[in-house]
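Biologist: Could you walk me through some of the charged pairs in this model, and a hairpin as well? I have the structure open and would love to follow along.

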Amino acid sequence: MKYTQGKYAVISKKALAKEIYDMTILCPEIAAIAEAGQFINIKAEGFMLRRPISIAEINKDKGTLRIIFEVRGNGTKELSQIPEGGMIDIIAPLGGRGFDLSLGKKAVIIGGGIGNPPMLPIAQHYKKNAVVISGFRSANAVILQEDFAASGADVILCTDDGTTGRKGFVTEALAEVIANEKPDVIYACGPNVMLRKIVEIARDNSIKCQVSLEERMGCGIGACLVCACRTIRDGEEFYSHVCKDGPVFDAEEVIFDE
């Protein structure tokens, strides 16, 4: 896993929704090697542990990475105070395994909540050959719908309370999409309860599936072993680490706890 540590300029920053921030970072040497599904680790002033944030967009021509994150505690609150034009201390790109974008011609891409940002590079890869299903709690949490549409993908918006888009879960929309036209592959990121159901649907329909797991991380480089997850390969169960062995896994490798 090749990565770089340094301070880089935040060249744009905006709020997308309540406590959700969008930043673009100028870091050419990192953007040149970053892949869909990887993440960065950001230093928050006054905090010992860095905060892992998914990469939401990679522009190799401009040498930029885009990140989108939600304020969930004091550390991410501190990150949200970094101004446009300021410097940000990052280690990147991290993640020993990103998404495999060579698994077929037609894809369904599913994001739940803050699991939507890392799905944008996949949509930008598959373009019109993708269906993006985004799920959020409510209208006030919805992000990235214009970005997904701009990729050329068909976009389906779901909210738990029905305040915008269609009311219901992403899995319900997925079942309808598959019934209409079976894709070659499903990519997903979000809460484990959502991923577990998506994996079941993929397995029942014999569709390849990759999932990006969200786990607490300490170091982000595989040294602290905090982000352990249960996996299985060749019939043998063992613990993998999301930061080093993932964050993306083939669906059949992951054991989801009930």
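Biologist: Which residue forms a salt bridge with lysine 77?

Modeller: Happy to help, and keep in mind that this is a predicted model. The closest N and O atoms of this pair are 4.0 Å apart. The pair links distant parts of the chain, with lysine 77 in helix 2 and its partner in the loop between strand 1 and strand 2, 58 residues away. That partner is glutamate 19.

Biologist: Is lysine 77 buried, partly exposed or exposed?

Modeller: The partly exposed class lies between 20% and 50% relative accessible area. Lysine 77 has 36% relative accessibility, so this residue counts as partly exposed.

Biologist: How many residues apart are aspartate 250 and arginine 97?

Modeller: Their side chains meet in a salt bridge, at 2.9 Å from N to O. Aspartate 250 belongs to strand 15, while arginine 97 sits in the loop between strand 6 and strand 7. This pair links parts of the chain separated by 153 residues.

Biologist: Which helix holds the salt-bridge partner of arginine 166?

Modeller: Arginine 166 forms a salt bridge with glutamate 176, the closest N and O atoms being 2.9 Å apart. Arginine 166 is in strand 10, so the pair ties together parts 10 residues apart in sequence. Glutamate 176 lies in helix 5.

Biologist: Now the hairpin: which residue in the turn between strand 13 and strand 14 has a positive phi?

Modeller: These two strands pair in the antiparallel sense over 6 bridges, and isoleucine 232 stands opposite glutamate 237. The hairpin has 2 residues between its strands. The one with a positive phi, about 55 degrees, is aspartate 234.

Key:
Residues are numbered from 1 along each chain as its sequence is written. This is a predicted model: local features need pLDDT of at least 70, side-chain atom pairs count only at pLDDT 80 or more; totals for chains, interfaces and linings use all residues. Side-chain values use heavy atoms; hydrogens and water are left out. Two strands pair if DSSP finds at least two bridges between them. Helices (H or I, at least four residues) and strands (E, at least two) are DSSP runs, numbered from the N terminus. Buried means under 20% relative accessible area, exposed over 50%, partly exposed in between (1.4 Å probe, protein chains only).
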